[in-house]
Amino acid sequence: MLWAEGALSVTLTPREAPDLLEPGPAETPVWETLTLTGLFLTEVNTSEVAARLAERGLLCTSAHLENRVWEREWLRYFRPMRFGEQLWVCPTGFEVDSEGAAVVRLDPGLAFGTGTHPTTALCLEWLDAHLTPNARVIDFGCGSGVLGIAAALLGAAHVLCVDNDPQALDATRANAARNSVD
């Protein structure tokens with residue numbers, strides 16, 4: 001219904017349920033109640049949209065959301081994170097004070113990969129604990145380059161970063177230069 005009303009995006013959030021990033025094999029989660037959020041252009045009268053949806057029995061509210069640089073907004077919550085004994089991922093504008101630390105200085109731009117996703121976090125922890133000196137590493141689907149850069153900072157002799165997204169390759173190159181591992 002929100003798409004039919006002209007929404008640019010629609011988000012379904014379970015209420016009173018834990019966050020679920022990805023269901024397990026053969027699982028189909030069903031939630032009792034959901035919050036649906038639709039984002040519309042400023043020109044759309046969202047009060048009228050809410051009224052039409054309320055006629056269908058849905059509890060609706062409408063609010064104006066100030067325009068921001070949404071691609072960067074989530075970075076407000078990105079802080080230095082430690083993975084294993086010596087590896088840190090540190091966003092631009094922060095410092096890590098840990099003797100002997102390998103610090104990946106990172107600005108993901110529009111690319112994926114900060115270490116917050118569980119799979120990336122596990123890979124970073126594995127690199128910290130098991131990467132052998134002079135290893136050769138491929139970061140396939142490199143996104144921001146966080147895994148490849150971490151490998152280089154931890155002593156890998158050769159790192160190849162691959163992605164099919166030009167924004168990811170731009171972010172990886174910029175982050176590699178930021179970390180002096182071009």
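**Exercise 1.** Which residue has a side chain with a polar atom 2.8 Å from the backbone oxygen of Asn175? Locate that residue and describe its surroundings.

*Solution.* The model is a predicted one, in which local features need pLDDT of at least 70 and side-chain atom pairs count only at pLDDT 80 or more, whereas totals for chains, interfaces and linings use all residues. Residues are numbered from 1 along each chain as its sequence is written, and side-chain values use heavy atoms, with hydrogens and water left out.

Step 1. The partner is Asn179, whose side chain places a polar atom 2.8 Å from the backbone oxygen of Asn175; a polar contact here is a pair of N or O atoms within 3.5 Å, where within protein one must be able to donate a hydrogen and the other to accept it, and where residues adjacent in sequence count only if both atoms are side-chain atoms.

Step 2. Asn179 belongs to the segment after H5, helices (H or I, at least four residues) and strands (E, at least two) being DSSP runs numbered from the N terminus.

Step 3. With a relative accessibility of 8%, Asn179 counts as buried, given that buried means under 20% relative accessible area, exposed over 50% and partly exposed in between (1.4 Å probe, protein chains only).

Step 4. When neighbours within four places in sequence are left aside, Asn179 is in contact with Val103, Val104, Arg105, Ile149 and Leu153, contact meaning heavy atoms within 4.5 Å.

**Exercise 2.** Which residues of H5 are buried, and how are they arranged around the helix axis?

*Solution.* Step 1. Helix H5 (residues 166-178) contains 13 residues and spans 18 Å from its first C-alpha to its last, close to the 18 Å expected at 1.5 Å a residue; the expected span is 1.5 Å times one less than the number of residues.

Step 2. The buried residues of H5 are Ala168, Ala171, Thr172, Asn175 and Ala176. Because they cover an arc of only 130° around the axis, they lie on the same side of H5, the arc being that of the directions from the helix axis to the C-beta atoms.

Step 3. On the other side of H5, Pro166 and Arg173 are exposed, while the cover over the buried residues includes strand S5 (102-106), H4 and S7.

Step 4. At the start of H5, a side-chain oxygen of Asp165 comes to within 2.9 Å of the backbone nitrogen of Gln167. Just after H5, Ser180 has a positive phi of about 55° although it is not a glycine, and at 65% relative accessibility Ser180 counts as exposed.

**Exercise 3.** Which residues of helix H1 are buried, and what is found at the start of H1 and just after H1?

*Solution.* Step 1. In H1 (residues 46-55), the buried residues are Val49, Ala50 and Leu53. Seen down the axis, the buried residues of H1 fall within an arc of 100°, so they line one face of the helix.

Step 2. At the start of H1, a side-chain oxygen of Asn45 lies within 3.1 Å of the backbone nitrogen of Ser47, and just after H1, Gly57 adopts a positive phi of about 90°.

**Exercise 4.** Do strands S6 and S7 run parallel or antiparallel, and what handedness does the crossover from S6 to S7 have?

*Solution.* Step 1. Strand S6 (residues 136-140) and strand S7 (residues 158-162) run parallel and are joined by five bridges, two strands being paired if DSSP finds at least two bridges between them. Within this pairing, Phe140 stands opposite Val162 in S7.

Step 2. From S6 the chain passes through helix H4 (residues 146-153) to S7, in a β-α-β crossover that is right-handed; that term applies if, with the strands pointing away from the viewer, the path from the first strand over the helix to the second runs clockwise.

Step 3. The covered face of S6 holds Val137 and Asp139, whereas the uncovered one holds Arg136, Ile138 and Phe140.
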